[in-house]
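Me: I am new to reading protein structures, and I would like to learn how to go from one residue to the pockets around it. Could you take me through it step by step?

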Amino acid sequence: MITTPIAHRATAVAARAADLSKEYGQGETRVIALDHVTVNFHQGEYTAIMGPSGSGKSTLMHCVAGLDTFSGGSVRIGDTELGSLKDKQLTRLRRDKIGFIFQAFNLLPTLTALENITLPMDIAGRRPDKKWLREVIDMVGLSDRLGHRPAQLSGGQQLGVPPGP
Ligand SMILES: Nc1ncnc2c1ncn2[C@@H]1O[C@H](COP(=O)(O)OP(=O)(O)OP(=O)(O)O)[C@@H](O)[C@H]1O
Ligand SMILES: [Mg+2]
């Protein structure tokens, strides 16, 4: 797996993995998926993680986003060390600070497009800002598809990819 070397940059570090290790299984089925990985993700930048199949990209993403536990090292999002958080605090941090687009969409098939969009906020018991909601929906070109279920949307629409010109 290739990760960018740590160099001094002008922007702050939004997320950081330090000496991060992750093992799956035990004994003969033990796999070292991450072997002391250190990487900084800077604010306002795109970072691409590249590497062969099985090299640990998804594992790294899951650990840095607080979606999975790790075996050694540390992960920080902003000023928060994930290792120090209890389950509830971790849930809150994921809800408020992290957006994650999975390769498999994880849309709920029985909910409409609109209900899928607002689901995390519904679970959190919050109401989305109507103006912002409309803006985001327009941005990804879904305004005339809000009552449709995921199976009635194209692959790009399910992903939330903005339509072309
Ligand atoms: N739940 C799991 N249990 C056991 N081993 C796992 C598990 N998930 C991943 N692995 C193993 O950990 C290693 C890293 O897997 P990971 O999914 O992070 O790779 P990847 O770089 O995302 O690969 P791909 O490009 O194919 O998506 C692989 O050897 C994989 O078989
Ligand atoms: Mg993967």
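**From one residue to the pockets**

Reply: Let us start with a single residue, keeping in mind that this is a predicted model: T118 is found in helix α3, which covers residues 113-124.

Me: Is T118 buried or exposed?

Reply: The general idea is that a residue counts as buried when its relative accessible area is under 20%. T118 has a relative accessibility of 11%, and therefore it counts as buried.

Me: Which residues is T118 in contact with, leaving aside its neighbours within four places in sequence?

Reply: With those neighbours set aside, T118 is in contact with P128 and L133.

Me: What is the volume of the largest pocket, and which residues are the closest to its centre?

Reply: The largest pocket has a volume of about 1800 Å³, and among the 41 residues lining it, G99, F100, N116, I117 and P120 are the closest to its centre. Helix α3 gives the largest share of this lining, namely nine residues, while α2, α3, α4 and α5 each supply at least two. By class, the lining of the largest pocket has 28 nonpolar, eight polar and five charged residues.

Me: How should I describe the second largest pocket?

Reply: You can follow the steps used above, beginning with its volume, which is about 960 Å³. This second largest pocket is lined by 26 residues, of which T47, I49, M61, G99 and F100 are the closest to its centre. The largest share of its lining, six residues, comes from α1, and β1, β2 and α1 each supply at least two residues. Its lining divides into 15 nonpolar, eight polar and three charged residues.

Technical notes. Residues numbered from 1 in each chain as written. Chains lettered and ligands numbered in written order. Predicted model: local features only at pLDDT ≥ 70, side-chain atom pairs only at ≥ 80, totals over all residues. Heavy atoms only, no water. Helix = DSSP H or I, 4+ residues; strand = E, 2+ residues; numbered from the N terminus. Buried < 20%, exposed > 50% of the residue type's maximum accessible area, 1.4 Å probe, protein only. Contact = heavy atoms within 4.5 Å. 1 Å grid on protein atoms, 1.4 Å probe; cavity = no way out; pocket = protein on both sides within 12 Å on 5 of 7 lines; lining within 4 Å. Points joined across faces, edges and corners; volume = space filled by probe spheres on them. Nonpolar A, V, L, I, M, F, W, Y, C, P; charged D, E, K, R; others polar.
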